[in-house]
Amino acid sequence: MALKSQVVLKDILKTYFGSLKAPIAWCTSVGPAEILRALGFEVYFPENHGALLGASRLAGKYIPKAHQAGFSGEICSYLTADIGAWIAGETPLTALYGLKSIPHPDLIVFNTNQCREVDEWFSYFGREFDCPVVGVYPPRYLEEIGQHDIDNVVVQFQKVIAVGEKVIGKKLDYERLKEVLRLSRDGSRLWKKVLDTAQKKPSPLTFFDGVILMAPIVILRGTQTCIDFYEEALEELTALVDQKFGAVPDEQVRIYWEGMPIWGRLRSMSELFINNQATIVASTYCNSWIFDDFDPEQPLASMARAYTQIFINRGEETKLAMMRQMLDEFNIDGVIFHDCKTCFNNTNSRFGLPKRIREEVGVDTLSIDGDLNDLRFFSDGQSRTRLETFIEQLKAKKQDAGRKSNV
Amino acid sequence: MSETDKKIADCYLGIDLGSSYTKFVVVGNDGTILFKEVIATLSRKRDQFEKNMDEIARRFDIQKTCSTGYGRDSYSGDMQKTELICASAGVSAIVDCHKSVIDIGGEDIKIIESDPNGSVVQFYMNDKCSAGTGAFITEIAEKAELEIGEMDEFARRSNSERMINSFCTVFAKTEILGWKFKGVPIEDIARGIYLSIVDRIAKMPIPGGLDIYLCGGVIRFHPYLRDLLAEKIAEKITIVPDPQFIVALGAAELSRKSNSH
Ligand code: SF4
């Protein structure tokens, strides 16, 4: 069943893309969008475009173009799909929202809290558009976050502000920044509540709903539209919880998805889980846009903390602790790690985390090979075999445990 | 006496639609194997499948059918299970202990920890490339001008420790070519191919402390792999009877058990 909110979202996206008029700033998905909005920029997110290219299965057409232009086929396939589409002079935004091209930037801002690839990607477009590019380079892979780390990032945010002020020709109004940050925080808290409805059994939503519903917290963070949307979505999902509605009929096992979505396979994957009575109730990915620590009274410092403490920027111990908490809160039976060929940064199965989850948390894990956008790295048949076997393994264990507890 | 009277009552069919071969196993209500057959999966004579099914229908009163293997969806039986689940169930029909199952197939290698009831406890599959699988052996043997049927015998005559380094089939073929130019004896080449496969398997996460049962089509033609693996890994290693039918047997067993629930 499609959620009503997903229908509402279509209009919201249409309005958003229609409103992207100069001055426009490009920003990474977990970059300091609030500063740009407060300065008066419309904010555009190339990663959202990358995901769109993947979900519409156009990525396969454009990736080779970036490859021909000198980008390896084994680096971020958001980057290669996006740059390839630019080289081809095409975008799905034309058919979807009537845009002639991707919105041209007046300023480009990125934060390497997620990866260094965004630096290369955004800098390429800086050259293409002859436009100022400002990078924020926070300390990476932190376990603890100290005051010096926060101070480091605050200084870099100040540079973003300085360049932004120059481009837009006016000073940043700090009261406006506080207001945007409040909107961002409230939106993010509502988004968390939306995701937390999946703690209920059966869960009214799955990861496959989540990756659609998350659009506003990424691209409209810091706006009232974002808040209104999640208020409505939360109302709808709460009603579904009251009705004991399960997004997957006869939910038998509950799964945590670690890693990037496989954008070109959302539908078939969703069907696979439905057919096997398994619900992906939580994910690192959807939870990455929860910024609890935004504090309008300390805008820059709290943003520095919130954007530096995201999962992808943490050390393995902290990642394990964060996952442990989620596995517990969402009553998870098994974790699926997506070993994403072209996104090393969002792949957490390579330094022994699955084994630690099995041994230290006691939850079964599975790793599947795939990619966010490049379907040449994904095998439908082999993944299906693994997923179905894993789900069956989880079901058998639950039945066994059920039998034992009945004795 | 009519046709139906001659049929054996209360039987269960497992069909393993693998990448190279399709295997059929029929078991009776006590689990006894009553029939087994193998045909090429993508045979040009497509009616072979139908012929087999006709024969099974003529001789047995099939209560339930379970299909498995990569082609499991192409047959609409009563149930479909992955080949890992069936391999685990199949080996468990023969040995009812907590064990590891290693299935060396045409295109992948599967390692399954299987509990005494046949449920999968955990599993591991290599699937990024075909190194060490049936397809790998076939390609490399061809380059080495070795008949598949004679490889095992040749390899047993060698003591060489030389093995192929590359995981990639294309690079491995180049290596073999180099060996041939150097005049490496055919016996050493045969053993070298096996050693590289065994080395590959031994590096996979095989659960410790469990007896290992080997199954799949490859082990049937290359039983020497077992001996080499036993030298490398300290566990007890056994080749199951009729290793290439194990997955189909597991499918038949699962359909039999599902009926009794
Ligand atoms: S985090 Fe991964 S997918 Fe996202 S931009 Fe970086 S490399 Fe690409």
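The following exercises, each with a worked solution, concern a predicted model.

**Exercise 1. Overall form of chain B**

Determine whether the radius of gyration of chain B agrees with that of a compact globule, and describe the make-up of the chain.

Solution.
Step 1. Chain B has 261 residues, and a compact globule with that number would have a radius of gyration near 18 Å.
Step 2. The value for chain B is 20 Å, which agrees with this expectation.
Step 3. Along the principal axes, the C-alpha atoms of chain B fill a box of roughly 70 × 45 × 30 Å.
Step 4. The secondary structure of chain B comprises 10 helices and 10 strands.
Step 5. Of the 261 residues in chain B, 52% are buried.

**Exercise 2. A salt bridge within one helix**

State which residue pairs with B:E55 in a salt bridge, and how the two are placed in their helix.

Solution.
Step 1. The partner of B:E55 is B:R59, and their closest N and O atoms are 2.8 Å apart.
Step 2. Both residues belong to helix 2 of chain B, which covers residues 47-59.
Step 3. Because they are four residues apart in this helix, about one helical turn separates them.
Step 4. A residue counts as partly exposed when its relative accessible area lies between 20% and 50%. B:E55, at 23%, is partly exposed, and B:R59, at 36%, is partly exposed too.

**Exercise 3. Two salt bridges in chain A**

Describe the salt bridges A:E251 to A:R254 and A:K398 to A:D333, and establish whether each residue is buried or partly exposed.

Solution.
Step 1. Side chains of opposite charge can pair when their charged atoms come close.
Step 2. In the pair A:E251 and A:R254, the N to O distance is 2.9 Å.
Step 3. Buried means a relative accessible area under 20%. A:E251 has 17% and is buried; A:R254 has 1% and is buried.
Step 4. In the pair A:K398 and A:D333, the N to O distance is 3.0 Å.
Step 5. A:K398 lies in helix 18 (residues 380-406) of chain A, whereas A:D333 lies in the loop between helix 16 (316-329) and strand 7, so this salt bridge ties together parts that are 65 residues apart in sequence.
Step 6. A:K398 is partly exposed, at 33%, while A:D333 is buried, at 19%.

**Exercise 4. Salt bridges over all chains**

Give the number of salt bridges in the structure, and name the members of the network that contains A:R384.

Solution.
Step 1. Over all chains, there are 41 salt bridges.
Step 2. Salt bridges link A:R384 and A:E388 of chain A with B:R72, B:D73 and B:E83 of chain B in a network.

**Exercise 5. Surface patches on chain A**

Identify the residues of the negative patch and of the nonpolar patch, and place one member of each.

Solution.
Step 1. The patch of negative charge on the surface gathers A:D228, A:E231, A:E232 and A:E235.
Step 2. A:E232 sits in helix 12 of chain A, residues 224-242. Its relative accessible area is 46%, and A:E232 is therefore partly exposed.
Step 3. A:Y141, A:F344 and A:F351 make a nonpolar surface patch of about 350 Å².
Step 4. A:F351 occupies the loop between strand 7 (334-340) and helix 17 (353-361) of chain A. A residue is exposed at over 50%, and A:F351 reaches 57%, so A:F351 is exposed.

**Exercise 6. Backbone features**

Locate two cis peptide bonds and two residues other than glycine with positive phi.

Solution.
Step 1. Most residues other than glycine have a negative phi, and most peptide bonds are trans.
Step 2. A:A22 and A:P23 are joined by a cis peptide bond with omega about 0°. A:P23 is in the loop between helix 1 (4-18) and strand 1 (24-27) of chain A.
Step 3. A:K201 and A:P202 are likewise joined by a cis peptide bond, with omega about -5°. A:P202 is in the loop between helix 9 (174-196) and helix 10 (207-213) of chain A.
Step 4. A:N331 has a positive phi, near 55°. This residue is in the loop between helix 16 and strand 7 of chain A, and is partly exposed at 41%.
Step 5. B:D242 has a positive phi, near 45°. The position of B:D242 is in the loop between strand 10 (237-239) and helix 10 (246-260) of chain B; at 36%, B:D242 is partly exposed.

Key: Residues numbered from 1 in each chain as written. Chains lettered and ligands numbered in written order. Predicted model: local features only at pLDDT ≥ 70, side-chain atom pairs only at ≥ 80, totals over all residues. Heavy atoms only, no water. Patch = residues over 30% accessible without salt bridge, like charges linked within 9 Å, V, L, I, M, F, W, Y side chains within 5 Å. Areas by Shrake-Rupley, 256 points an atom, 1.4 Å probe, with all protein chains shown as cover. Salt bridge = Lys/Arg side-chain N within 4 Å of Asp/Glu carboxyl O. Lys, Arg positive; Asp, Glu negative; His and termini not counted. Charge placed at Lys NZ, Arg CZ, Asp CG, Glu CD. Buried < 20%, exposed > 50% of the residue type's maximum accessible area, 1.4 Å probe, protein only. Rg over C-alpha atoms; globule rule 2.2 N^0.38 Å.
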